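Here is a short report on the inside of a protein. It goes through cores, a strand, pockets and cavities in turn.

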Amino acid sequence: MGRLFGTDGVRGIANVELTPELALRLGRAAATAFRSRHRRPSVLIVRDTRRSGDLLEAALSAGLLSAGSDVYACGVLPTPAAAFLAPDVGADAGAVVSASHNPAAHNGIKFFGPDGYKLSDDEEEGIEALMEASGGTTGAVLGADVGRILSLPDAEDRYVAHALRSLEGRRLEGIKVVVDCANGAAFRTSPRALAEAGAEVVEMNVAPDGMNINVDSGSTDPSKLAEAVVRLGADVGLAHDGDADRVLAVDSRGELVDGDAIIAILATELHEAGRLPAGLVVTTVMANLGFRVGMTAAGIGLVETAVGDRYVIEAMRRHGAGLGGEQSGHVILADCSTTGDGLITGLRLLARMASTGRPLSELAGVVERYPQVLVNVPVRDRSALGAASGVWEAVEAVKAELGDLGRVLVRPSGTEAVVRVMVEASESAVAEQAAAAIVDAVLRDLGEPAQA
């Protein structure tokens, strides 16, 4: 078996790649691994609104129970709720059945440890090794050692209260917000928390039917949210993905405010208050050059990681940073979260608007976005990029031409036979011309052969 866990758990099309049999084996192996902490471990499970969530949660639970783990079944809640609730109730792990922003036919399973952080690569590899041993039957127990399903009826109340504590007593009166929950896991919690914080709330996409998660909605498509904000005269819009570990915003003019700008707004607030740990933020290589320029101008240091929120969190812990995230809207506030939390991020963003009396469009001005061109170039073998001297010569030539007014990123896709070329510059025409030069080099060295 190849590596089962990706950068965000086990993913696949439900009942095809991610089958109930696989989920059962995964649960049994995980419970066996967690027994190293306690003779009778416990695992807390949440899921999003996909039709297949019932199926996979049941199979995962059966595997855990059969290997002696008790299970807290918490139903539909955002991913960050598992990260908070697991340590809150003293569970040995939190599990999430969700495929985040992916289509409804997909699903996934991921785990958090007893500290609320995602499992390490070594811990995931240990679970995989147990799955391979004895055909996946390792760890089965008998009689009184079989686990039990436990209820946590106040799971939603606990999570909402936790999110509201992140406001530190601040209120959102005077803010009219449209929140698009993508018919996903936040369809109850986000509207509820925003209203309890004092905001005037208009709900969108809060009627999940099992198959409409992420469809023309949420952070994957905020266009209708933007229209609603303008039409309703709202101050701001918030858009979640299916499991609500991320959020994007829309200002009163209907303009998108992405993760770069949200991080910059929160970083500036913390820095001005002398509360930004280590005086830096952590971001990924995909952050816009304008973000880097804005943070440097504000006197805030930067640490850059590969794409993926787990890499951001690892760097935050390593450097003692209190804030990090991605352009996609994953934002981690270390003073109250161990993972990306779209609700907490949204609450803190609105609190900044309320406390300053400034519109989001003005606050977002801390980042002046540079034009960005991103091209996916089909290639024969993406692994050959490293040795493609012609490509790297073109990259160096473009970098020299752009100087400090541009940025170049060329990398192979992790899943497709393509090379991704990204160029940022102070002007769109300059970025497009520079990207074209690198794309031509990629096609010459690595591109598909011409058809006869």
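The largest nonpolar core of this predicted model holds 69 residues. Leu-44, Leu-238 and Leu-323 touch the most other members of this core. Helix 8, residues 259-272, gives the most to it, with 8 residues. A second core lies apart from the largest one. This other core has 29 residues, among them Leu-18, Leu-26, Ile-109 and Met-131. In soluble globular proteins, nonpolar side chains tend to be buried together.

What does Leu-323 touch, leaving out residues up to four places away in sequence? Its contacts include Ile-263, Leu-266, Ala-267 and Leu-270. Leu-276, Leu-280, Val-281 and Val-282 are also among them. The list is completed by Met-316, Val-331, Ile-332 and Leu-333.

**A buried strand**

Now turn to strand 18, residues 418-425. Why is strand 18 described as largely enclosed by the rest of the structure? The reason is burial: 8 of its 8 residues are buried. Buried here means under 20% relative accessible area. In a regular strand, side chains alternate between the two faces of the sheet. In strand 18 both faces are covered. Val-418, Arg-420, Met-422 and Glu-424 are buried on one side. Val-419, Val-421, Val-423 and Ala-425 are buried on the other.

Which strands pair with strand 18? Strand 16 pairs with strand 18 in the antiparallel sense, over 7 bridges. Strand 17 also runs antiparallel to strand 18, and 7 bridges join these two. Val-419 of strand 18 is the bridge partner of Val-377. Val-419 is also the bridge partner of Pro-412.

**Pockets and cavities**

The table lists the spaces by volume and by the classes of their lining residues.

| Space | Volume | Nonpolar residues | Polar residues | Charged residues |
|---|---|---|---|---|
| Largest pocket | about 1200 Å³ | 6 | 18 | 10 |
| Second largest pocket | about 230 Å³ | 4 | 2 | 8 |
| Largest cavity | about 40 Å³ | 1 | 2 | 5 |
| Second largest cavity | about 30 Å³ | 4 | none | 2 |

Start with the largest pocket, which is lined by 34 residues. Nearest its centre lie Thr-7, His-101, Val-307, Gly-308 and Arg-411. Helix 10 (309-319), strand 16 (372-378) and strand 17 (406-412) are the elements that give two or more residues to this lining.

The second largest pocket has a volume of about 230 Å³. Of the 14 residues that line it, Tyr-117, Lys-118, Leu-119, Ser-120 and Arg-317 are the closest to its centre. Helix 4 (121-132) and helix 10 are the elements that give it two or more residues. Which element gives the most to the lining of the second largest pocket? Helix 10 does, with 4 residues.

How many cavities of 30 Å³ or more does the structure hold? There are 2. The largest cavity is lined by Thr-7, Asp-8, Gly-9, Lys-110, Phe-111, Lys-118, Glu-124 and Arg-310. Thr-7 appears again here: it also lies among the residues nearest the centre of the largest pocket. Lys-118 likewise is one of the residues closest to the centre of the second largest pocket.

The second largest cavity brings us back to strand 18. Its lining is made of Met-286, Leu-374, Leu-409, Arg-411, Arg-420 and Met-422. Strand 17 and strand 18 each supply at least two residues of this lining. Arg-420 and Met-422 sit on one side of strand 18, together with Val-418 and Glu-424. Arg-411 is also among the residues nearest the centre of the largest pocket.

Key. Residues numbered from 1 in each chain as written. Predicted model: local features only at pLDDT ≥ 70, side-chain atom pairs only at ≥ 80, totals over all residues. Heavy atoms only, no water. 1 Å grid on protein atoms, 1.4 Å probe; cavity = no way out; pocket = protein on both sides within 12 Å on 5 of 7 lines; lining within 4 Å. Points joined across faces, edges and corners; volume = space filled by probe spheres on them. Nonpolar A, V, L, I, M, F, W, Y, C, P; charged D, E, K, R; others polar. Buried < 20%, exposed > 50% of the residue type's maximum accessible area, 1.4 Å probe, protein only. Pairing = 2+ DSSP bridges. Core = buried A, V, L, I, M, F, W, Y, C linked by side-chain atoms within 4.5 Å. Contact = heavy atoms within 4.5 Å.
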